[in-house]
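Student: I have a structure open and would like to learn how to read its features. Could you walk me through some of them?

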Amino acid sequence: MNPLVTFENVSKSFFSDSGQIDVLKDISFSLFENEIIAIIGPSGCGKSTILNLASDLEQPTSGDIKRNSKIGYMFQRDNLFMWRNVLDNISLGLEISKSKTKENLNYVHDLLNKYGLNDFAHHYPNELSGGMRQRVALIRTLALKPDLLLLDEPFSALDYQTRLFVLDDVYNIIRKEQKSAIIVTHDISEAISVANKVIVLSNRPCIIKKVLDIKIKDKANKTPTQIRKTKEFQEYFDIIFKELNNHETN
């Protein structure tokens, strides 16, 4: 099986008048079909840079990135336009890509119906809860039929209780739509409860300190909230917490 995206010894530096800033150092990993990878590390270590490289928004300083997928990017904030209703916000990508066909609009309506937003199709963002707005943002990304979703801390602006609800919601949508995903987060619990694999990064310039395959009994039939209650969850939490609080990079 060919991976959807592969990083091979990728390094990234930024250059400015004040000098060179090294962000990533020799990052290597692959993501396969129906897999969810969570990337976790200290603030400012380069997590979002990995997503920007994966999506081709930025180019590596060295190393190679191989892509074999159509990519959809969901940012930290929902970025919904206040003057467009839910249906028009979701259709925006189709308009930009000039693919607003009857078939694709039918697909959008199917997504709205499937995920409980059909009655809100003509509502505006300021009439929706934070959780519903994130669901709209995800469906807008899905409307373009990507193979791989990139999610950059998509729940960080939500309060804790809403985050738990929306995380379950988004996880179920990704699974039902059979999408692969890379999710960047600073939340250990979030990483363990959604991912098949967790990549732990060091401080900048970041390297991969540890890669954990998350193996929790019957995980495929559990929600993230249910996964948090398992014995294995606490064991993985302790391992990742220890890695994040060990500030040596090697």
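Student: Where is Asp187 found?

Tutor: Keep in mind throughout that this is a predicted model. Asp187 sits in the loop between S7 and H7.

Student: Is Asp187 buried or exposed?

Tutor: The general idea is to compare relative accessible area with a cut-off, and buried means under 20%. Asp187 has 18% relative accessibility, so Asp187 counts as buried.

Student: Which residues does Asp187 touch, not counting residues up to four places away in sequence?

Tutor: With those left out, Asp187 touches Ile40 and Arg163. Arg163 deserves a second look: the side chains of Arg163 and Asp187 meet in a salt bridge, at 3.7 Å from N to O. The pair links distant parts of the chain, with Arg163 in helix H6 and Asp187 in the loop between S7 and helix H7 (188-194), 24 residues apart. Arg163 is buried, and so is Asp187.

Student: What is the general idea behind such pairs?

Tutor: Side chains of opposite charge can pair when their charged atoms come close. To call a salt bridge here, we ask for a Lys or Arg side-chain nitrogen within 4 Å of a carboxyl oxygen of Asp or Glu.

Student: How many salt bridges does the count come to by this rule?

Tutor: The count comes to 12 salt bridges. One of them joins Glu35 and Lys197, whose closest N and O atoms are 3.6 Å apart. This pair also links distant parts of the chain: Glu35 is in the loop between strand S2 (19-31) and strand S3 (36-40), Lys197 is in strand S8 (residues 197-201), and they are 162 residues apart. Both Glu35 and Lys197 are buried.

Student: With which residue does Glu177 form a salt bridge?

Tutor: Glu177 pairs with Lys114, and their closest N and O atoms are 2.8 Å apart. Glu177 lies in the loop between helix H6 (160-176) and strand S7 (180-185), while Lys114 belongs to helix H4 (residues 102-114), so the salt bridge ties together parts that are 63 residues apart in sequence.

Student: And is Glu177 buried or exposed?

Tutor: Glu177 is buried, at a relative accessible area of 13%. Its partner Lys114 is partly exposed, at 48%.

Student: Which residues are linked in a network of salt bridges?

Tutor: Arg84, Glu95 and Lys100 are linked in that way. Lys100 appears again when we turn to Leu105 in helix H4: Leu105 touches Ser91 and Lys100, not counting residues up to four places away in sequence. At 24% relative accessibility, Leu105 counts as partly exposed. You can also check a C-alpha distance: Leu105 and Ala143 are 38 residues apart along the chain, and their C-alpha atoms are separated by 8.5 Å.

Student: Let's move on to helix packing. At what angle do H5 and H6 pack?

Tutor: Helix H5 (residues 130-142) and H6 pack at about 20 degrees, and their axes are 10 Å apart. Angles under 35 degrees count as roughly parallel, and H5 and H6 are therefore roughly parallel to each other. Their crossing is right-handed.

Student: Which residues make the contact?

Tutor: From H5 come Gly131, Gln134, Arg135, Leu138 and Leu142, and from H6 come Thr162, Phe165, Val166, Asp169, Val170 and Ile173. By type, the residues of this contact between H5 and H6 divide into 6 nonpolar, 3 polar and 2 charged.

How values were computed
Residues numbered from 1 in each chain as written. Predicted model: local features only at pLDDT ≥ 70, side-chain atom pairs only at ≥ 80, totals over all residues. Heavy atoms only, no water. Helix = DSSP H or I, 4+ residues; strand = E, 2+ residues; numbered from the N terminus. Buried < 20%, exposed > 50% of the residue type's maximum accessible area, 1.4 Å probe, protein only. Axes fitted to C-alpha atoms, helices over the stretch in contact; angles between N-to-C directions. Parallel < 35°, antiparallel > 145°, perpendicular 65-115°, else oblique. Left-handed = near helix turned anticlockwise from the far one by under 90°. Contact = heavy atoms within 4.5 Å. Nonpolar A, V, L, I, M, F, W, Y, C, P; charged D, E, K, R; others polar.
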